Amino acid sequence: MPTLEVLARRATTRSLVSNWEFRPDSISPRVLELRLDEKRYPASVNGSRLDVRWFVGGDYTIHYLEASDDRTWQCRWDRHPKPTAPRKHFHPPPNASSSVDPSSLESDHHLGVLFDVLEYVETRIRERHE
């Protein structure tokens with residue numbers, strides 16, 4: 001839990017993150033849900049968030065979801081043993097399906113991973129506006 005608390009506090013230093021909460025609750029957090037600022041997105045996007053799971057030993061799952069009226073666009077970064085993929089891997093958009101690519105995240109430090117993912121999301125938002 002201390003890692004999730006640090007990630008929550010540091011995430012809010014970025015203007016993209018509007019708020020956060022632990023799920024199911026702060027007593028027994030399994031997921032850090034980061035809500036992203038809806039004003040940054042085009043009007044066609046009606047919600048977005050990052051779900052962060054961080055495990056003892058440094059493994060993680062970070063799931064990005066972007067909801068529009070007609071679909072949900074999503075991708076996921078993982079670090080865990082997987083026989084058919086590198087330990088650090090990426091499930092690409094638009095549906096974060098079973099296909100796997102090597103991860104482009106360079107850092108193994110929790111803050112480095114978080115900030116790299118937030119940069120990816122910032123780039124995604126810029127592309128949506130173009």
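So, helix α2 and its buried side: in this predicted model, the buried residues of α2 are H110, L111, G112, V113, L114, F115, V117, L118, V121, E122, R124 and I125. Have a look at the start of that list, where H110, L111, G112, V113, L114 and F115 are all buried. And yes, E122 and R124 are in there too, along with V121 and I125.

What covers those buried residues? The cover includes helix α1, residues 2-11, plus strands β1 (17-23), β2 (31-36), β3 (45-54), β4 (60-68) and β5 (72-79). As for the helix itself, α2 takes in residues 110-129, so to speak, 20 residues on the count. From first C-alpha to last, α2 reaches 29 Å, close to the 28 Å expected at 1.5 Å a residue.

Okay, zooming out to the whole chain. We have 2 helices and 7 strands, and reading along the sequence you get α-β-β-β-β-β-β-β-α. The strands make an open sheet in the order β1-β2-β3-β4-β5-β6-β7, with antiparallel pairing. The edges are β1 and β7, the latter at 101-102, and each has a single partner strand, so one side of each is left without a neighbour in the sheet.

For those of you who like the general background: strands of a sheet pair through backbone hydrogen bonds, either parallel or antiparallel.

Now a walk across a few of the pairings. β2 and β3 are antiparallel over 4 bridges, and there you can find L34 standing opposite L50 in β3. Moving along, β4 and β5 pair over 8 bridges, again in the antiparallel sense. A hairpin of 3 residues joins β4 to β5, and H63 stands opposite R76 in β5. On to strand β6, residues 88-91: 4 bridges join β5 to β6, running antiparallel, with W77 opposite F90 in β6.

Is β5 enclosed or open to the outside? It's largely enclosed by the rest of the structure, because 6 of its 8 residues are buried. And remember that β5 is also among the elements covering the buried residues of α2.

One residue I'd like to stop at is D59. Where does D59 lie? In the loop between β3 and β4. Why does D59 count as buried? Because its relative accessibility is 15%, and the cut-off for buried is under 20%. The D59 side chain makes a polar contact with the side chain of R87, at 2.7 Å. Setting aside neighbours within four places in sequence, D59 is in contact with R53, W54, R79, H80, P81 and R87. So to place a couple of those: R53 and W54 fall within the range given for β3, 45-54, and R79 falls within the one for β5, 72-79.

Last, some whole-chain numbers, since I know somebody will ask. A compact globule of 130 residues would have a radius of gyration near 14 Å, and the chain has 14 Å, so the two agree. The C-alpha atoms fill a box of roughly 40 × 35 × 25 Å along the principal axes. Of the 130 residues, 46% count as buried. Accessible surface comes to about 7100 Å², with 48% of that belonging to carbon and sulfur atoms. And on contacts between residues at least 6 apart in sequence, 31% join residues at least 24 apart.

Methods
Residues numbered from 1 in each chain as written. Predicted model: local features only at pLDDT ≥ 70, side-chain atom pairs only at ≥ 80, totals over all residues. Heavy atoms only, no water. Expected span 1.5 Å × (residues − 1). Buried < 20%, exposed > 50% of the residue type's maximum accessible area, 1.4 Å probe, protein only. Contact = heavy atoms within 4.5 Å. Pairing = 2+ DSSP bridges. Polar contact = N/O pair within 3.5 Å; in protein donor to acceptor, adjacent residues only side chain to side chain. Rg over C-alpha atoms; globule rule 2.2 N^0.38 Å. Areas by Shrake-Rupley, 256 points an atom, 1.4 Å probe, with all protein chains shown as cover.
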